[in-house]
Structures are given as C-alpha cells and as structure tokens.
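Trainee: Could you take me on a close look at the nonpolar core of this protein and the links around it? I would like one connected account rather than a list.

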Amino acid sequence: MIKAQYVMFALVLMLSAMLETASITKRSYSDQSVRGYVTERTCWWNEVCKEEFQTLFRCKCPSWSYCRSPGRYYNAVCSMTETGYIWDQPNSEWRGQ
C-alpha cells in the first residue's frame, strides 16, 4: 500500500513538471499571406501595423521589430517580441531592403 502511494506521488510530480515546462515554451506562427502596404512609411514602435481582417499592412515595422498579434483575428503592432502570431512583412523598396 505504501509503495502505491510513492508511485502515485512520483507520477504526480512528473506530470506537474511536464506541464510546467510545456507552459514555459513560447510558440509563434508566421503568416505570409499579406504582401502589400497601404502607405509607404515606417511604423513607430508599438504602432498598429496591420488591422484585423485587412489585406494590406498599414506600415512597415523597423528591422529590429516584428508585426505581431495575439492571434490571427487581432490588430497587430510592431513589437520586439518574436512570439505570438507574426505577420511576415515583405521587403519594401522605400527601406532599401
């Protein structure tokens, strides 16, 4: 009976450790479906670069940031964080890339 309790305790510890490491893992998804821009300008940091349900970017994020949102159906902003839903912006002629 005591061995069964130790086995159960060990299983609970292993499961909780697995869940904890799974929650720490940051995931991202890159979307390359939007290929154009409304205006030829660079966004400010934390400015909305793509509005939800729109087929064009509002502006181009600086090279050190990403156009990201919490999900596909949210506004995206220029952010330095590489996690979440990343809208991959095409190279722009006005930035020399």
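Mentor: Happily, and let us begin with a word we will need throughout: a residue is called buried when its relative accessible area is under 20%, exposed when it is over 50%, and partly exposed in between. Bear in mind as well that this is a predicted model.

Now to the core itself. The largest nonpolar core has 12 residues in all. Among them are six cysteines you will meet again below, Cys43, Cys49, Cys59, Cys61, Cys67 and Cys78, along with the aromatic residues Tyr37, Phe57, Tyr85 and Trp87. Val34 and Ala76 complete the set. Two strands, β4 (76–79) and β5 (84–87), each supply at least two residues of this core. As background, nonpolar side chains tend to be buried together in soluble globular proteins.

Cys49 is a good place to stand and look around. Leaving aside residues up to four places away in sequence, Cys49 touches Cys43, Phe57, Cys59, Cys61, Cys67, Ala76 and Cys78, and also Arg58, Val77 and Gln89. Cys49 also forms a disulfide with Cys67, with the sulfur atoms 2.0 Å apart. That pair links distant parts of the chain, since Cys49 is in strand β2 and Cys67 in strand β3, 18 residues apart. The link of Cys49 and Cys67 is right-handed, with 100° about the S-S bond, and both cysteines are buried.

The count of disulfides comes to three, and the other two are worth the same attention. Cys43 is joined to Cys59 with an S to S distance of 1.8 Å. Cys43 lies in the loop between β1 and β2 (48–50), and Cys59 in the loop between β2 and β3, so this disulfide ties together parts that are 16 residues apart in sequence. The link of Cys43 and Cys59 is right-handed too, at 110° about the S-S bond, and each of these cysteines is buried.

The disulfide of Cys61 and Cys78 has its sulfur atoms 2.1 Å apart. Here distant parts of the chain are linked again: Cys61 is in the loop between β2 and β3, Cys78 is in strand β4, and 17 residues separate them. The torsion about the S-S bond of Cys61 and Cys78 is about -90°, so this disulfide is left-handed. Cys61 counts as buried at 2% relative accessibility, and Cys78 is buried with a relative accessible area of 0%. With bonded cysteines counted along the chain, the disulfides follow the pattern 1-3, 2-5, 4-6.

Next, turn to the aromatic side of the core. The structure holds four aromatic pairs. In one of them, the ring centres of Tyr85 and Trp87 are 5.0 Å apart and the planes stand at 55°, so the pair is tilted. Tyr85 is buried at a relative accessible area of 10%, and Trp87 is buried at 3%. Ring pairs join Tyr29 to these two, giving a cluster of Tyr29, Tyr85 and Trp87. Trp87 has a charged partner as well: the charged end of Lys50 sits over the Trp87 ring, 4.4 Å from its centre.

That brings us to charge. A search of the whole structure finds three salt bridges. One of them joins the side chains of Asp31 and Arg72, 2.5 Å from N to O. Asp31 lies in strand β1 (residues 28–31) and Arg72 in the loop between β3 (66–69) and β4, so the pair ties together parts that are 41 residues apart in sequence. With the cut-off from the start in hand, the 4% relative accessible area of Asp31 places this residue among the buried ones, whereas Arg72 is partly exposed at 36%.

Another salt bridge brings the side chains of Glu47 and Arg41 together at 2.4 Å, N to O. Glu47 counts as buried at 16% relative accessibility, while Arg41 is partly exposed at 32%. In the remaining bridge, the side chains of Arg58 and Glu51 meet at 3.8 Å, N to O. Arg58 is partly exposed, with a relative accessible area of 31%, and Glu51 is partly exposed at 34%. Arg58 also returns us to where we stood earlier, as one of the residues that Cys49 touches.

Technical notes
Residues numbered from 1 in each chain as written. Predicted model: local features only at pLDDT ≥ 70, side-chain atom pairs only at ≥ 80, totals over all residues. Heavy atoms only, no water. Core = buried A, V, L, I, M, F, W, Y, C linked by side-chain atoms within 4.5 Å. Buried < 20%, exposed > 50% of the residue type's maximum accessible area, 1.4 Å probe, protein only. Helix = DSSP H or I, 4+ residues; strand = E, 2+ residues; numbered from the N terminus. Contact = heavy atoms within 4.5 Å. Phe/Tyr/Trp six-rings, centres within 6.5 Å; stacked < 30°, edge-to-face > 60°. Lys NZ or Arg CZ within 6 Å of the ring centre and 35° of its normal. Salt bridge = Lys/Arg side-chain N within 4 Å of Asp/Glu carboxyl O. Disulfide = S-S within 2.5 Å.
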